[in-house]
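Thanks for coming, everyone. Please bring the sequence and the model up on your screens. I'll walk you through a few parts of it.

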Amino acid sequence: MHAMNRRTDLSDGTGADPRGARDTDVIVVGAGPTGLLLAGDLAEAGLGVTLLERRPAEISNLTRALVVHARTLEQLDARGLADELVAGGHPLTGLRLFGRATIDPTQLRSRFPFVLVTPQFEVERVLERRARRAGVTFRHDSEVLGLDQDAEGVTVRFRTAEGLGSVRAAYVVGTDGVRSTIREAVGLPFLGRSVVRSLVLADVRLAQEPDSPLTFNATGEAFALIASFGGGWYRVIGWNRHRQAADDAPADLDEVRELTRLALGSDYGMHDARWVSRFHSDERQVPSYRVGRAFLAGDAAHVHSPAGALGMNTGLQDAANLSWKLAAVLRGRAPDGLLDSYQTERHPVGKQALRSSGALIRIALLPTGPGHAVRALAAQLVNRVRPLSRRAVRTISGLGIAYPAGPGAHPLAGHRAPDFRLAGGSRLYELLRQGRFVLITPAGEPGVPQTPASGGDSPRPADDRVATASWRSERRTALLVRPDGYIAWATDATAPAARTAALRGAVAHWTGTEDGASIATALTPPAHAADTPAGR
């Protein structure tokens, strides 16, 4: 990838920009994990990116996310960031959902067969460092007021301590959270409702260390989660059926102790709370992730309960899906229609996250008595029925997410690509760090097909769009993997002529080396989560 920040040259050779004067290529609003990953991807692709954030640079975000799941770690691995996070966090080989129900990530066929406990600010730290190195322009203390878009671009208006300003780009992405200004500016409703009132959030020290870096339980009268932040600090999130109050009602350490004792049987000697706050949890989703040149991702597009720890993970995966598509369009390698597949692929995933977290929180909140029986039955099913256990862990980890591949496609198309070991000792996700498609062929076969150069010159390889590799094993399937780690195309053809023709057509189709328009037609609705053959 290119560690630089520049405007893409979209001129027609006369010096005029057919899309109008711009200050940058993409505006990202919101410097949380989703916005930071997206901005870093675009800047590393050589695009100009301006990131607007309302908070001053010296004020950190109020982080609630505590867990990074396997699929998100794979996406971070494709950016060279996962190993650092894992080294500083707490990998867990089991995650308790409620009562005795436990999901077992060790059964996952991934480089990361665990749940990583690490605070959101650590994820933001590595993503911000990458974005700054890539050349993203950060504008903190910038409150977005609205936007105007037309056929040639979008202008975002904002206010700083110095006064009013604006910036113009080809596209804008709102990653500005639950109270998204971009969502309001494009007039999208945030459909849904509140599901849990009077959640309490606190950072405390403990006299007694819990058995696990992540401790959770629900009784129907209360639930509580305690996670280690490092440095002797612990994050507590909890709820007490008998103490329901408005968000602005004061909360104190005594309330945190009480709900923790109800849910976990102990308050672990909590003391020295550095802060305590109260909030509520909603289940909401916008009907469309795109309005013209404006996109929504992360909590700006979907929000749900903390159950399952899906929020930050789903947002980061939104960003990974959208970034390569924006880069392809802005670099002239795909039509604008490719961007519609972001809605097609990610909206159903967001909907599934709402359903999964909603089911977990509703089971946790069932009153004592009938709730105990339901939780006990659910625990038995998850722990003893292997297909159900496998589906649960793949759903929560994100490895079970798959996208539509269209009629006649190979069974692997649209599914997540595991981190295949390749000839020469490399890994697939190391190659994905280049931000390109990856073509994997059997050993001894040709790699990227040759494409004609302009003006009838001799053919040239399409190596600026496709990285090539060979299987380390005797596997004969050829795969073309998208920059976000999903399989775009595959073939089991063995006849040399048919295989070569298929390779040429697939690379041209997906990378725009011959017909950029075809890439958009390959992505059709709807997306779905499935038990995929690619992960077996």
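I'll begin with the whole chain, then go through some strands, a helix, a cavity and a loop.

One caution before the tour: this is a predicted model. The protein chain has 13 helices and 28 strands. How much of the chain is buried? Of its 536 residues, 56% are buried. Now take the contacts with a separation of 6 or more. Residues 24 or more positions apart account for 71% of those.

Let's go to strand β10. This strand covers residues 154-160. Is β10 enclosed or open to the outside? It is largely enclosed by the rest of the structure, because 5 of its 7 residues are buried.

Which strands does β10 pair with? One partner is strand β9, residues 143-149. The two run antiparallel, and 6 bridges join them. For a landmark, find leucine 147: its bridge partner in β10 is valine 156. A hairpin of 4 residues connects β9 to β10.

Another partner is strand β11, residues 163-169. This pairing is also antiparallel, with 7 bridges. Here valine 154 stands opposite alanine 169. The hairpin from β10 to β11 runs through 2 residues.

A quick general reminder. Strands of a sheet pair through backbone hydrogen bonds, in either a parallel or an antiparallel way.

Now zoom in on one residue of β10, threonine 155. Is threonine 155 buried or exposed? Its relative accessible area is 18%. The cut-off for buried is under 20%, so threonine 155 counts as buried. What does it touch? Leave out residues up to four places away in sequence, and the list is Gly146, Leu147, Asp148, Ser166, Val167 and Arg168. Check that list against the strands. Leu147 belongs to the stretch 143-149, which is β9. Arg168 belongs to the stretch 163-169, which is β11. Arginine 168 deserves a closer look. Its side chain makes a polar contact with the side chain of threonine 155, at 3.0 Å.

Next stop, strand β15, residues 222-230. This one is mostly covered, with 8 of its 9 residues buried. Strand β14, residues 214-218, pairs with β15 in the antiparallel sense over 5 bridges. Leucine 214 stands opposite alanine 227 there. The hairpin between β14 and β15 has 3 residues between the strands. In that hairpin, glycine 220 takes a positive phi near 95°.

Then follow β15 onward to strand β16, residues 233-240. These two run antiparallel, joined by 8 bridges. Glycine 230 faces tryptophan 233 across the pair. Their hairpin has 2 residues between the strands. Which residue in that turn has a positive phi? Glycine 231 does, at about 65°.

Now a sheet made of 3 strands. It is open, antiparallel, and its order is β3-β7-β4. The edge strands are β3 (67-68) and β4 (90-92), and each pairs on one side only. Strand β7, residues 115-117, pairs with β3 over 2 bridges. Valine 68 stands opposite leucine 116 in β7.

Move along the chain to helix α2, residues 70-77. How many of its residues are buried? The count is 8 of 8, so the helix is mostly covered. The buried set includes Arg71, Glu74 and Asp77.

On to the cavities. The whole structure holds 4 of them at 30 Å³ or more. I'll pick the second largest, with about 40 Å³ of space. What lines it? Among the lining residues are His69, Ala70, Phe114, Val115 and Ile396. Two of those names tie back to earlier stops. Ala70 is one of the buried residues of α2, and Val115 falls in the range 115-117 of β7. Helix α10, residues 386-397, gives the most to this lining, with 3 residues. By class, the lining has 8 nonpolar, 2 polar and no charged residues.

Last stop, leucine 366. You'll find it in the loop between α8 (340-365) and α9 (370-384). This residue is partly exposed, with a relative accessible area of 30%. Now look across to alanine 218, 148 residues away along the chain. The two C-alpha atoms are separated by 9.3 Å. And alanine 218 takes us back to the stretch 214-218, which is strand β14.

That's the tour.

Technical notes: Residues numbered from 1 in each chain as written. Predicted model: local features only at pLDDT ≥ 70, side-chain atom pairs only at ≥ 80, totals over all residues. Heavy atoms only, no water. Buried < 20%, exposed > 50% of the residue type's maximum accessible area, 1.4 Å probe, protein only. Polar contact = N/O pair within 3.5 Å; in protein donor to acceptor, adjacent residues only side chain to side chain. Contact = heavy atoms within 4.5 Å. Pairing = 2+ DSSP bridges. 1 Å grid on protein atoms, 1.4 Å probe; cavity = no way out; pocket = protein on both sides within 12 Å on 5 of 7 lines; lining within 4 Å. Points joined across faces, edges and corners; volume = space filled by probe spheres on them. Nonpolar A, V, L, I, M, F, W, Y, C, P; charged D, E, K, R; others polar.
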